[in-house]
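Okay, thanks everyone. I'll put the structure up now, and then we'll walk through one helix and what sits around it.

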Amino acid sequence: SGRLVIIEHNPSNPLTRRAGRRCQFDAGTTLISRPESQVLAANAGLEFQTVRYITFFPERFGFIWRAETLLSHTRSGAQYIVVAERAR
């Protein structure tokens, strides 16, 4: 048994792409889309469990930061989380 958790920058978000282009740490990297990460997990014999999007607002906007859980199914978050588990 096992669980894979992928937390990745969301290439569907234009601000995330922009930040990645400006960050030296991300130089030469390629962002993996949510569907691509799910295919990779499936090809490894893992079953998709859940996906959610995170980081919609900067933390300094704490008064609306709580709304992130309501937005977790929209594709506009700066990052996404994919959880997959080994088939039983």
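So, look at Gly-45, just after helix α2: it takes a positive phi of about 80 degrees. Keep in mind that this is a predicted model.

Now step back into the helix itself. α2 covers residues 34–43, and its buried residues are Arg-34, Ser-37, Gln-38 and Ala-41. Looking down the axis of α2, those buried residues fall within an arc of 100 degrees, so they line one face of the helix. The usual helix arithmetic applies: an α-helix has 3.6 residues a turn, so residues three or four places apart point the same way. On the face turned away from the buried side, you'll find Leu-40 and Asn-43, and those are exposed.

What do the buried residues of α2 pack against? Three strands: β1 (3–9), β2 (46–54) and β3 (79–86).

Let's zoom in on Ser-37. Its relative accessibility is 2%, and because buried means under 20%, Ser-37 counts as buried. A polar atom of the Ser-37 side chain lies 2.8 Å from the backbone oxygen of Arg-34. Beyond its neighbours within four places in sequence, Ser-37 is in contact with Ile-6, Ile-32, Tyr-80 and Val-82.

And then there's Ile-7, over in strand β1. Is Ile-7 buried or exposed? It comes out at 57% relative accessibility, so it counts as exposed. Ile-7 and Ser-37 are 30 residues apart along the chain, with 9.7 Å between their C-alpha atoms. Again setting aside neighbours within four places in sequence, Ile-7 is in contact with Tyr-80 and Ile-81.

That's my bit, happy to rotate the view if anyone wants.

Key
Residues are numbered from 1 along each chain as its sequence is written. This is a predicted model: local features need pLDDT of at least 70, side-chain atom pairs count only at pLDDT 80 or more; totals for chains, interfaces and linings use all residues. Side-chain values use heavy atoms; hydrogens and water are left out. Buried means under 20% relative accessible area, exposed over 50%, partly exposed in between (1.4 Å probe, protein chains only). Helices (H or I, at least four residues) and strands (E, at least two) are DSSP runs, numbered from the N terminus. The arc is that of the directions from the helix axis to the C-beta atoms. Contact means heavy atoms within 4.5 Å. A polar contact is a pair of N or O atoms within 3.5 Å; within protein, one must be able to donate a hydrogen and the other to accept it, and residues adjacent in sequence count only if both atoms are side-chain atoms.
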